[in-house]
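Here's a quick tour of a protein model, starting with one small piece and then zooming out. Have the viewer open as you read.

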Amino acid sequence: INTEIGISQTILERLRPQHHIFVAEMGAYERGEIKRSCLIARPKIGVLTGLNEQHAALFGGLDKTFQAKYELVTALPADGLLVVNGECSELVSRLQQAPCRMIGCFLDEEKKMPLAHEAAVAKNIRVHRDFLQFSYHEVPYSVPLIGRFQIINVLMAIVVAEHLGMKRDQIVKAVSKLAPPEKTMVLKNMSRGFVIDDSYNVNPTGLRSALLHLQHFDEHQKVIFFPGILELGDHSTAVHEELG
């Protein structure tokens, strides 16, 4: 429920005094929507998960899509936190400044991110057919999710959890119990093979990552059902040819 109306309804109808943390996804179909959502929710923590060709037809290109996402950054207070997917070069190359503490999240090796105050690095990465392993600050994590790209998502969540005061043993336990949302990289063991159900939504980065995970099933014949990606605008032909 990532629109300004949906966020407002959630705040009005579901938040209670006993709630300490409110996590909201902020979506946009035009510039200004995330800014308005921030005026409603007043976030103290922002997480930038990525930037790709998705919605290029709506915004008119990556630069304008980034400008819409950057509205979250400018809404953060001086004592807030910005967590960034450092593996996303399109995002990192456009990120010039942040008004608060900023942590870039990376896989395996530290990379330079403009103005990143700190780096969080996942190391000792192992990608299995049906789960993931990595370490962060010498603490091992086992994640019951599939797809190497999920490690950066989990790492960003760990950084936020630590910032909010969770102890590492609590985080390790929580991570070990993660489950994928319905129709989002769900691995099903069938009688004659496997099905990976990733049919909820699709963007170019997510589909590339999903296709890469098929290397763990080389002993099987592979069949992909793919309806195509919408809202890519002028990028559509090039993106679909690359994915093909």
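## A pair of strands

In which sense do strand 7 and strand 8 pair, and over how many bridges? The model is a predicted one, and in it strand 7 (residues 186-190) runs antiparallel to strand 8 (residues 193-197), with five bridges between them.

Getting from strand 7 to strand 8 takes a hairpin of two residues. Look at M190 and you'll find its bridge partner in strand 8, namely G193. As a rule of thumb for reading such a pair, side chains in a regular strand alternate between the two faces of the sheet.

## The whole fold

Zooming out, the protein counts eight strands and nine helices. Take the contacts between residues at least 6 apart in sequence: 50% of them link residues at least 24 apart.

What about overall dimensions? The C-alpha trace spans about 55 × 45 × 40 Å along its principal axes. The radius of gyration is 19 Å, which agrees with a compact globule, because a chain of 244 residues would then be expected near 18 Å.

## Inside, outside and charge

Of the 244 residues, 38% are buried, meaning under 20% relative accessible area. The accessible surface adds up to about 14700 Å², and carbon and sulfur atoms account for 51% of that.

On the charge side, you get 28 negative and 26 positive side chains. The centres of those two sets sit 5 Å apart.

Definitions and conventions:
Residues numbered from 1 in each chain as written. Predicted model: local features only at pLDDT ≥ 70, side-chain atom pairs only at ≥ 80, totals over all residues. Heavy atoms only, no water. Helix = DSSP H or I, 4+ residues; strand = E, 2+ residues; numbered from the N terminus. Rg over C-alpha atoms; globule rule 2.2 N^0.38 Å. Buried < 20%, exposed > 50% of the residue type's maximum accessible area, 1.4 Å probe, protein only. Contact = heavy atoms within 4.5 Å. Areas by Shrake-Rupley, 256 points an atom, 1.4 Å probe, with all protein chains shown as cover. Lys, Arg positive; Asp, Glu negative; His and termini not counted. Charge placed at Lys NZ, Arg CZ, Asp CG, Glu CD. Pairing = 2+ DSSP bridges.
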